[in-house]
Amino acid sequence: MSDPISARAKAVDASGIRKVFDLAAKLENPINLSIGLPDFDVPEIAKTVAKDAIDAGFNRYTPTQGIPELRERLKADLDAEMGRDVGDVFIASGVSGALMLAIMALVDPGDEVVFLDPYFVMYRHLVTMAGGVSVPVDSYPDFRFDAAKIEAAITPRTKLLIVNSPSNPTGVTMSPDEVRAAAELARKHDIILLTDEIYDAFRFDDTDGLYSPAMLYDRTLILRGFSKTHGMTGWRVAYVAGPSEIVEQMIKLQQYSYVCAPSPFQKGALAALDADMSGHITAYRRKRDIVVEALSGTFELARPDGAFYAFPQAPAGLTATDFCTAAIEKNVLTIPGNVFSGRDTHFRVSFAAPDEKLREGCRILCEVAG
Ligand code: PMP
């Protein structure tokens, strides 16, 4: 029988994360610190509005680019926040959908895409699917945006620079100087800057300074979503803002792929924008403190100032995969760094878990480290 599978599909390697999930499936009631989504639910007002929309028959396609009232609101908010006209805004099916469309719209075979290593794993796979070349730039051990290192990775084939702040998997948030450097580099080399700001609400320390390179550089694509900020990962609602010639192409591709984000949930997302999420953010700051305090004595750890991840180093002499496997044997789930990186030296701890589980999980991780 001939092999039906495309070279494109085969080029994407999912083995790292599958191994963890296979091992985890055998556990009865694990302390799960591997989860990439918040442990709080969608705000009540968003549920009510989405349910009402369903009952009122708002169940058909929306315009490809999303419902006007949500787009207009997001555009007004972003223009105000960035202090300039951010361009066109459309609603996507999750930041995942937006990333797929951005890469399909921008990357030709052979084009290079630069981002920090460790990285959100989807970047590498999407670039592969588009026939592009990922250029991960090592950012160990502090996971900072080092402009000199990034610049050394830029070539005439570089099409896109992706930044992700706060970062998955490190929790590190770019400083104002780093944001400025990213915008300057992109301008100097005439490349598009894609800023994945899905964790924008989860910033725990300095929240007043310059945060988004979109404030400085007009060839920036901003990707944000509701999955993390409003606990609605299953609703698949996110948004994109950027130069109209790029956004127009992304909307065209959405028309032939995702079609539109789910209709009733676009209404729910609009209502969610006015919900007060600050209590959850305060709780996550406390969870960050719990993890940093519990782990820093035992592990090398770059202090996370955003998202809900910490990325400590595995004990000397062990790969992260070895360490995570040993932790699974003690019923604690974390993700080895080789899922997000060319290295297998660190592991991701998600603190999107109840405080007690978090304390217990960290205690066991320290115990396993000996
Ligand atoms: N970007 C980053 C950095 C993420 O961590 C995630 C989710 N894990 C996404 C994008 C995609 O999120 P969604 O598709 O749910 O909006």
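This passage describes the surroundings of the ligand and of Asp117 in a predicted model. In this model, local features require a pLDDT of at least 70 and side-chain atom pairs a pLDDT of 80 or more, whereas totals for chains, interfaces and linings use all residues. Residues are numbered from 1 along each chain as its sequence is written, and side-chain values use heavy atoms, with hydrogens and water left out.

The shell around the ligand, taken as residues with a heavy atom within 4 Å of it, includes Gly94, Val95, Ser96, Phe120, Asn164 and Arg236. Its largest share, 3 residues, is supplied by helix α5 (residues 94–106), helices being DSSP runs of H or I with at least four residues and strands runs of E with at least two. Polar side-chain atoms of Ser96 and Asn168 lie 2.5 Å and 2.8 Å, respectively, from an oxygen atom of the ligand, while one of Lys228 lies 2.8 Å from a nitrogen atom of the ligand. Of the 400 Å² of accessible area that the ligand has on its own, the protein covers 92% (Shrake-Rupley method, 1.4 Å probe).

Asp117 belongs to strand β3 (residues 112–117) and is buried, that is, under 20% relative accessible area with a 1.4 Å probe and protein chains only. Asp117 nevertheless has no salt bridge (a side-chain nitrogen of Lys or Arg within 4 Å of a carboxyl oxygen of Asp or Glu), and the nearest side chain of opposite charge, that of Arg343, is 6.5 Å away. The side chain of Asp117 does, however, make a polar contact of 2.6 Å with the side chain of Ser341, a pair of N or O atoms within 3.5 Å, one able to donate a hydrogen and the other to accept it.

Definitions and conventions:
Buried means under 20% relative accessible area, exposed over 50%, partly exposed in between (1.4 Å probe, protein chains only). Lys and Arg count as positive and Asp and Glu as negative; His and the chain ends are not counted.
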